[in-house]
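Me: I would be grateful for a close look at one part of this protein, namely its aromatic side chains and the nonpolar core. Please set out how they are arranged and what surrounds them.

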Amino acid sequence: MKWLPLSVPITRNMTVYKNSESKRPQIENTRNFEVHGIYESTLHLPMHTGTHIDYPLHAIEGGKTSSDYNCFPAFFKAYVLDLSADQAGNKLESIGVDHLKNIDFSRVDAIFFKTLKSPMTEFDFEFPWLNREGAAFLATLPLKFVGIDQLGIERSQPDHVTHISLLSKDILIIEGLALSDLQTGVYDFAAFTLHVEKVEAEPLMIYAMTQEVE
């Protein structure tokens, strides 16, 4: 068995939400050998860039923050639902109850949606998302996490109801997963944060246990 990393690398040219420069990481050289005799860098990283986890404060005024949870490091089972095949011909618009109602959630702590066949290289303004009905259905379940390989779990929702439905039930949202190497099924996962206090989101390092291929 081996641990497969599912967090996207942090680079200056990485894909960011809506291609917004404000969400792009900056790596600043703050000390160098010529002046200081040593080399140091500073990372300026928006909390919602790359693979990250959302806490309730992101969508709920006065909501819980990272400091209100004691779930990391997290070791859990998640059901990966591969919906990337749905994009052949007619592109998948959104993820709803019909995609979820036949899944056995009794032995998992999370569900992750795979919508991409290969790693993301550019932002898709029409990306598949979890719709209102799908989020409401998942909010009735005793899940810890809901995740997706897109940089957002909702699209064109002024009321942010998908986020609110899940986060109000303490189901934390993971966005920007790299799931292209996984197929539909149940996997063991390990996830780690930086333990930044009192924030609405933070970067996530996450791994799936998979079978070693010789």
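Reply: The following account begins with the chain as a whole and then turns to the aromatic residues, the core and one polar residue.

The model is predicted. Its protein chain contains four helices and twelve strands. The C-alpha atoms fill a box of roughly 65 × 50 × 35 Å along the principal axes. For 214 residues, a compact globule would have a radius of gyration near 17 Å, and the 18 Å of the protein chain agrees with this. Buried residues account for 46% of the 214 residues. Among contacts between residues at least 6 apart in sequence, 73% join residues at least 24 apart. A separate example of sequence-distant parts brought together is given by Lys-2 and Met-209, which are 207 residues apart along the chain, with their C-alpha atoms separated by 5.6 Å. Lys-2 belongs to strand 1 (residues 2–5) and, at 33% relative accessibility, counts as partly exposed.

As to the aromatic side chains, the model has 15 aromatic pairs. One of these joins Phe-72 and Phe-145 in a tilted arrangement, with 5.9 Å from centre to centre and 35 degrees between the planes. Phe-72 lies in the loop between strand 4 (52–54) and strand 5 (74–82), whereas Phe-145 is in strand 9, so this pair ties together parts that are 73 residues apart in sequence. Phe-72 has a relative accessibility of 10% and therefore counts as buried, the cut-off being under 20%. Phe-145 is also buried, with a relative accessible area of 2%.

Another pair is formed by Phe-76 and Phe-112, whose rings are edge-to-face, 6.1 Å centre to centre and with 90 degrees between the planes. This pair likewise links distant parts of the chain, since Phe-76 is in strand 5 and Phe-112 in strand 7 (residues 110–114), 36 residues apart. Both of these residues are buried. The two pairs belong to one aromatic cluster, which consists of Phe-72, Phe-76, Phe-112, Phe-145, Tyr-187 and Phe-189.

The nonpolar core may now be considered. In soluble globular proteins, nonpolar side chains tend to be buried together. The largest nonpolar core here has 46 residues, of which Phe-112, Phe-113 and Phe-189 touch the most other members. Two or more residues come from each of strand 5, strand 7, helix 3 (132–138), strand 9, helix 4, strand 10 (172–175), strand 11 (185–193) and strand 12 (201–210). Strand 5 gives the most, with six residues. Beyond its neighbours within four places in sequence, Phe-113 is in contact with residues that include Leu-81, Leu-83, Ile-95, Leu-100, Leu-130, Leu-138, Val-146, Ile-148 and Leu-179. Gly-147 and Asp-149 are also among the contacts of Phe-113.

Finally, Gln-150 provides a polar counterpart. This residue is found in the loop between strand 9 (145–148) and helix 4 (161–167), and at 2% relative accessibility it counts as buried. Its side chain makes a polar contact of 2.8 Å with that of Thr-115. Leaving aside neighbours within four places in sequence, Gln-150 is also in contact with Leu-116, Met-120, Phe-127, Pro-128, Glu-175 and Gly-176, among others. Phe-127 has a further partner: the charged end of Arg-155 sits over its ring, 5.8 Å from the ring centre.

Terms used: Residues numbered from 1 in each chain as written. Predicted model: local features only at pLDDT ≥ 70, side-chain atom pairs only at ≥ 80, totals over all residues. Heavy atoms only, no water. Buried < 20%, exposed > 50% of the residue type's maximum accessible area, 1.4 Å probe, protein only. Polar contact = N/O pair within 3.5 Å; in protein donor to acceptor, adjacent residues only side chain to side chain. Contact = heavy atoms within 4.5 Å. Phe/Tyr/Trp six-rings, centres within 6.5 Å; stacked < 30°, edge-to-face > 60°. Lys NZ or Arg CZ within 6 Å of the ring centre and 35° of its normal. Core = buried A, V, L, I, M, F, W, Y, C linked by side-chain atoms within 4.5 Å. Rg over C-alpha atoms; globule rule 2.2 N^0.38 Å.
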